[in-house]
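Okay, everyone, thanks for coming. I'll put the model up and then walk you through its helix packing, its empty spaces and a few backbone oddities.

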Amino acid sequence: MNENPVVVADSLRKVYRVRGRIGRSGRNAGLTAVDGVSLTLSEGESLGVIGESGSGKTTLALMIIGLQTPSAGRVEVCGNERGRKRQRGKRHVWGREVQIVFQDPYSSLDPRQRVNSAIEEVLKLHFELSAGERRKRTATILEQVGLDQGRGGQRPAALSGGERQRAAIARAIAVEPRILILDEAVSALDVSIQAQILNLLADLRKSTGMAYLFLSHDLSVVRYITDRIIVMHNGRIVEEGTTDQVLSAPQQTYTQVLLACVPRRGWKPQRVRQLTEAS
């Protein structure tokens with residue numbers, strides 16, 4: 001892992017205005033999704049962001065990728081600051097720096113487009129390649145993610161869940177990004193398929209040197225794929241450290257609750273209730 005940071009976030013805050021929710025001033029009150037989050041992601045590192053739904057993980061990722069503008073704070077990606085004002089002209093450049101893979105590959109893929117066409121479209125947008133070079137590069141990318149040419153010629157509806165996620169990953173890595181954000185990228189898959197995708201991601205990281213920002217509520221998945229962890233609750237970081245440190249000896253009650261919710265031999269649901277009440 002290289003120590004050069006590819007993402008630096010400083011005191012990031014995101015407030016959404018909610019109609020009908022009136023604050024003390026008499027104006028529409030805001031919903032704070034991310035509140036003062038600071039983090040760094042080094043080149044080649046895999047950083048896990050864990051927390052329950054609504055903890056602010058996805059909003060944080062969207063600010064890093066440039067699809068949401070911070071209400072306060074700053075975020076720097078690959079040495080360039082993401083401005084608080086929308087910068088449409090830079091979206092093309094940003095796409096070469098960071099890509100995101102979502103939980104549901106079916107909704108993120110065009111159902112009318114064959115997989116190889118989707119990859120070739122990305123290559124045409126970002127690289128000056130001939131049609132033949134794009135086809136050759138597409139075949140290589142499909143091979144990287146474990147899809148043969150036959151599956152690459154299919155539309156998403158003809159693929160299994162695991163194959164669709166492989167296709168989504170293939171489209172994301174086609175631009176050779178330095179950072180890959182994975183937002184609950186395996187949570188919708190069967191356990192056996194999860195293992196396959198996690199092994200694929202581990203191999204891709206080793207071969208390409210990409211940095212991962214891995215968003216999940218599944219601690220067993222995070223344990224396998226990440227070097228460090230930050231734990232988010234109500235938009236804030238409540239604990240952080242190496243993956244082994246946080247998952248082996250959590251210091252915060254909220255992290256202990258998350259760990260207690262992982263089913264294991266001798267697991268007792270009442271223990272979760274005790275921890276929740278204590279918090």
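Before the helices, one bit of vocabulary: a crossing is called right-handed if the near helix is turned clockwise from the far one by less than a right angle, and left-handed if it is turned anticlockwise. And keep in mind that this is a predicted model.

So, with that in hand, look at α4 and α5. The crossing those two make is right-handed. Helix α5 covers residues 131-144, and its axis comes within 9 Å of the α4 axis, at a crossing angle of roughly 120°. Angles from 65 to 115 degrees would be roughly perpendicular and those over 145 roughly antiparallel, so α4 and α5 end up as oblique to each other.

Now swing round to the other partner of α4. Here α4 and α7 pack with their axes 9 Å apart, at an angle of about 15°. The cut-off for roughly parallel is under 35 degrees, and α4 and α7 are therefore roughly parallel to each other. The handedness is right-handed here too: that is how α4 passes α7.

Okay, empty space. How many cavities of 30 Å³ or more does a search of the whole structure find? Three. I'll pick out the second largest cavity, which holds about 50 Å³ of space. Two elements, α4 and α7, give two or more residues each to its lining. The largest share is from α4, with three residues. Among the residues lining this cavity are Leu109, Asp110, Val115, Ala118, Ala167 and Arg171. By class, the lining of that cavity splits into six nonpolar, one polar and three charged.

On to the pockets. The largest pocket has about 500 Å³ of space in it. There are 20 residues in its lining, and the ones nearest its centre are Ile65, Gly95, Val98, Gln99 and Ile100. Our helix pair comes back here: α4 (115-126) and α7 (161-173) each supply at least two lining residues, as do α2 (91-97) and β6 (98-101). If you're thinking about chemistry, the lining of the largest pocket is 12 nonpolar, six polar and two charged.

The second largest pocket has a volume of about 170 Å³. What does its lining look like by class? Four charged, three polar and three nonpolar residues. Glu43, Arg137, Glu176 and Arg178 are in that lining, and so are Gln144, Ile173 and Met210, among others.

Back to Ile65 for a second, as that residue belongs to helix α1, residues 57-65. Is α1 mostly covered or mostly open? Mostly covered: eight of its nine residues are buried. The buried set includes Lys57 as well as Leu60, Leu62, Met63 and Ile65. Just after α1, Gly66 takes a positive phi of about 100°.

That brings me to the backbone oddities. Ser11 isn't a glycine, yet its phi is positive, about 55°. You'll find Ser11 in strand β1, residues 5-22, and it is partly exposed, at 38% relative accessible area. Cys78 also has a positive phi without being a glycine, with a value near 55°. Cys78 sits in the loop between β4 (72-77) and β5 (80-82). Is Cys78 buried or exposed? Buried means under 20%, and Cys78 comes in at 16% relative accessibility, so it counts as buried.

That's my tour, thanks.

Conventions:
Residues numbered from 1 in each chain as written. Predicted model: local features only at pLDDT ≥ 70, side-chain atom pairs only at ≥ 80, totals over all residues. Heavy atoms only, no water. 1 Å grid on protein atoms, 1.4 Å probe; cavity = no way out; pocket = protein on both sides within 12 Å on 5 of 7 lines; lining within 4 Å. Points joined across faces, edges and corners; volume = space filled by probe spheres on them. Helix = DSSP H or I, 4+ residues; strand = E, 2+ residues; numbered from the N terminus. Nonpolar A, V, L, I, M, F, W, Y, C, P; charged D, E, K, R; others polar. Buried < 20%, exposed > 50% of the residue type's maximum accessible area, 1.4 Å probe, protein only. Axes fitted to C-alpha atoms, helices over the stretch in contact; angles between N-to-C directions.
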